Every structure is written in C-alpha cells, then in structure tokens.
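Let's take a walk through a protein model together. Have a look at the chain below, turn it around a few times, and then read on.

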Amino acid sequence: MKIKHIIIAAATATLMGSCQDFLEPESLSTFDLNYIYSNVDDARKGVNAVYSHFGQDAFRSRLSNNMTGNTDIEHSSGWGNNGDRYQIWDLEALESNRDLQIVWTYAYRAIRDANIAIEGMEASGMLESTDAATAQTMNQLLGEAYTLRAYWYSMLTYYFGDVPYMIEAPKAGLDFNLPKEDRNVILAQEIENLTNVEEKMLWADQVPNGIEQVNREYTLGMIARLSLQRGGYFLNPDLTMTRESDYLDYYQIAKDYSQKLISLKDRELNPSFRQVFMNQCTFQTPVNNDMLFEVPFALGNGDVGWNIGVRVEGAILLPMIMVLEITTWRFRLPITFPLIRWIQEGM
C-alpha cells in the first residue's frame, strides 16, 4: 500500500507539473521587441507599420489634399451640406466633427508605432553592429522612424496647436492621459531629434525604394520645414497671433539645413512641367530630381488627383482631372528648392 501511495503521489506531481507547462506555453507566433529589432528584415517590417497609416483616410483623403479647402483669406461658403468636411471648409467645425477625430486618431497611431520602432532599435545594440551594412541599415531605419514621427507632430501642432506629446512606446503602467504640451516645445524637440540622426541616414539613390522611402534629403528638408514652423506665428487660444522671441534662431536653422541639403545633394528642378505629370502617370520616381519624398499609396488607394480644392462646376478641365487619378502623394515640400534658395540668399 505504501508503494501504491508513493506511485500515485509521484504521478500526481508529474501531472501537475505538466499542466503548469501546458497552461503557460511559449508562443511561437509572437515576438517581443528584442527579437524584432535584432535583425534588419524584421526591423524593416516594424518601421513599415509607421508608413501604413498613410494609407488610411486620415491622410489619403484629408491631410494629403483637402483637409482645409478654404483659408481665412480665400473663403467661400454657402453650402447646403453641413457634413464634417463642409464644417472644416466653412471654418465652423463642431466638437463632434468626425474628420478631425479621424486625423487625430491615426496621427497618434502612427506616432505610437514610430515610438515602438525607435525604442526597439535604440535598445537593440544593432545601431553599433560590427557588421557595417547592418549598422548602416539600422541607422537609416531609425532616421525614418524619427522623421515620420516628426511629420505627424508637425501636422498635429499645425491643426490643433498644443497637443499631448508622447515619445514612449506603450507599455503597462504608463499614463496615457497626458496633458497638452506647448507646440513650440514639441517642434523644438523634434527638430533636435532629426539633427541627431540625419548624418547616419542614406540618400534616396542609396535606399531600395528611392523617394518612396524616407531618405536623408527629406529629413534635411523636414528640419528646415519644422524650423520655419517653429519660428513662425501661431494662433493662441485667445485668437491672437504671436511668435516666440527666439524665432531668428530657428530661421537660421532653416537656412543652415537648406544650405546643407543644397551643398551635399543638390537636386535640379525638372525643366518640364509636363514631365512631372507624365512621371506620375507612368509610375516614374526619379531619385535625383526635385521630389524629395513620395508617399507610396497602393494602386487604387488614395484620393489625390480628383478631389483637390473647392469644386469647379461645368469646367472642361473636370473630366481631365478625374482621369488623372494619382496613386502617390509627392512632397515637393518640405521646402521646394526655389524657397530653399530664397532662404539661403535672402537672409
């Protein structure tokens, strides 16, 4: 009997141990940040998650072309429709405006994914890899994540002013109910971040996807653009316009980085205005022309080309615009080269 009890006890202990292992398995289908950012291929996929939000309606149908069809100077009104988009165009958006909510939501989703990528790469040790190609690619990816985050904060501060400033990847215990941060603090920090990473990034003709991938030229231009935004006037809650006393410092940064881009990687303006549209229609993306970066919409995805601006009724050009549906959004900014040269030569 004693032997029987010992055998039963041993079997019970074995079963309990097996149950514990069974209830706490190691999932083979999930990877933590340490794994994802331990190699170039998966790190690329992690950064691609930030790009994916350009394919959402917040960008492709709003920020890319018709978020504000009117300005306070060129203001037309009188529509019978009071839909969300018309409210924005009429400069009378309500708190319930769904379009504003969509832009806000996807901006912060893109920022969230950028923060995850940044934190993963900076903690991976791969930025200092002894393999030169790996270190170079990882630093390029880090620059892409920082630049994309800066773009979305630029848009948020442009449309909403002071906004919450989240720069950490989401994790348990973090306070996500953040107060608003001064827009100028956000812009200043994002400018500093980009100046820290741009020198280790690659030019458009060195990356696999050319100008359909964030590149060093675009990051240099973004520094200049953000600096002009930081040094410019902004609207206060009391509806007065002002700018910070250090605005000349940021105009100088814009000038310096514009000149840096021109001196290191000057890019000629396309001499043919027609060719700009021909390139679009034939999916040509020259890497050393005037375009710095294009958002690579999937085929059939994107509203650019057929809903830009206020509608013109009865115009012969309307069918032509409908035909020329464009599948990429081209960033002639941040900063066209004539403006860059004006900044450089005019100050």
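Let's start with one aspartate: Asp-113 counts as buried, at 13% relative accessibility. That label follows because buried means under 20% relative accessible area. Keep in mind that this is a predicted model.

**Charged pairs**

Asp-113 has a charged partner: its side chain meets that of Arg-112 in a salt bridge, at 3.0 Å from N to O. Arg-112 itself is partly exposed, with a relative accessible area of 34%.

How many salt bridges does a search of the whole structure find? The search turns up 14. Here are three of them, with the N to O distance for each.

| Salt bridge | Closest N and O atoms |
|---|---|
| Asp-113 and Arg-112 | 3.0 Å |
| Glu-199 and Lys-260 | 3.2 Å |
| Arg-85 and Asp-99 | 3.6 Å |

Take the pair Glu-199 and Lys-260, joined by a salt bridge. Glu-199 sits in the loop between α8 and α9, while Lys-260 belongs to helix α10, so this pair ties together parts that are 61 residues apart in sequence. Is Glu-199 buried or exposed? At 57% relative accessibility, Glu-199 counts as exposed.

Now for Arg-85 and Asp-99, which also form a salt bridge. This one links distant parts of the chain: Arg-85 is in helix α5 (residues 84–89) and Asp-99 in helix α6, with their positions 14 residues apart in sequence. Arg-85 is partly exposed at 23% relative accessibility, whereas Asp-99 is buried, with a relative accessible area of 6%. These two also belong to a network of salt bridges that links Asp-57, Arg-62, Arg-85 and Asp-99.

While you're in this part of the chain, find Asn-97, in the loop between α5 and α6. Asn-97 is buried, with a relative accessible area of 2%. Leaving aside residues up to four places away in sequence, Asn-97 touches Asp-84, Gln-87 and Ile-88.

**The nonpolar core**

Next, look inside. The largest nonpolar core has 59 residues, and those with the most contacts inside it are Phe-54, Phe-59, Leu-63, Met-121, Tyr-151, Trp-152 and Tyr-153. Which elements each supply at least two residues of this core? They are α3 (40–51), α4 (57–63), α6 (98–124), α7 (132–160), α8 (183–197), α9 (216–231), α10 (247–265) and β3 (293–296). The largest share, twelve residues, comes from α7.

Trp-152 is a nice residue to zoom in on. Not counting residues up to four places away in sequence, Trp-152 touches His-53, Phe-54, Phe-59, Leu-63, Ala-107, Ala-110 and Ile-111.

Another good stop is Leu-156, which lies in helix α7. Leu-156 is buried, with a relative accessible area of just 1%. Again setting aside residues up to four places away, Leu-156 touches Trp-104, Ala-107, Tyr-108, Ile-111, Gly-161 and Val-163. Ala-107 and Ile-111 are among the residues touched by Trp-152 and also among those touched by Leu-156. You can compare sequence and space here too: Leu-156 and Arg-183 are 27 residues apart in sequence and 9.0 Å apart from C-alpha to C-alpha.

**A closer look at α3**

Helix α3 lets you do a quick sum check. At 1.5 Å a residue, its twelve residues should span 16 Å, and the end C-alpha atoms are 17 Å apart, which agrees. Its buried residues are Asp-42, Ala-43, Arg-44, Gly-46, Val-47, Val-50 and Tyr-51. As a rule of thumb, an α-helix has 3.6 residues a turn, so residues three or four places apart point the same way. What covers the buried residues of α3? The cover includes α2 (33–36), α6, α7 and β3.

**Out on the surface**

Not every nonpolar side chain is tucked away: Tyr-233, Leu-235, Leu-239 and Met-241 make a nonpolar surface patch of about 480 Å². One of these, Tyr-233, lies in the loop between α9 and β1 (234–235).

**Stepping back**

Finally, zoom out to the whole chain. It has 13 helices and four strands, and buried residues make up 42% of its 347 residues. The protein chain exposes about 19400 Å², with carbon and sulfur atoms supplying 56% of that area. Among contacts with a separation of 6 or more, 67% come from residues 24 or more positions apart.

Conventions
Residues numbered from 1 in each chain as written. Predicted model: local features only at pLDDT ≥ 70, side-chain atom pairs only at ≥ 80, totals over all residues. Heavy atoms only, no water. Core = buried A, V, L, I, M, F, W, Y, C linked by side-chain atoms within 4.5 Å. Buried < 20%, exposed > 50% of the residue type's maximum accessible area, 1.4 Å probe, protein only. Contact = heavy atoms within 4.5 Å. Salt bridge = Lys/Arg side-chain N within 4 Å of Asp/Glu carboxyl O. Patch = residues over 30% accessible without salt bridge, like charges linked within 9 Å, V, L, I, M, F, W, Y side chains within 5 Å. Areas by Shrake-Rupley, 256 points an atom, 1.4 Å probe, with all protein chains shown as cover. Expected span 1.5 Å × (residues − 1).
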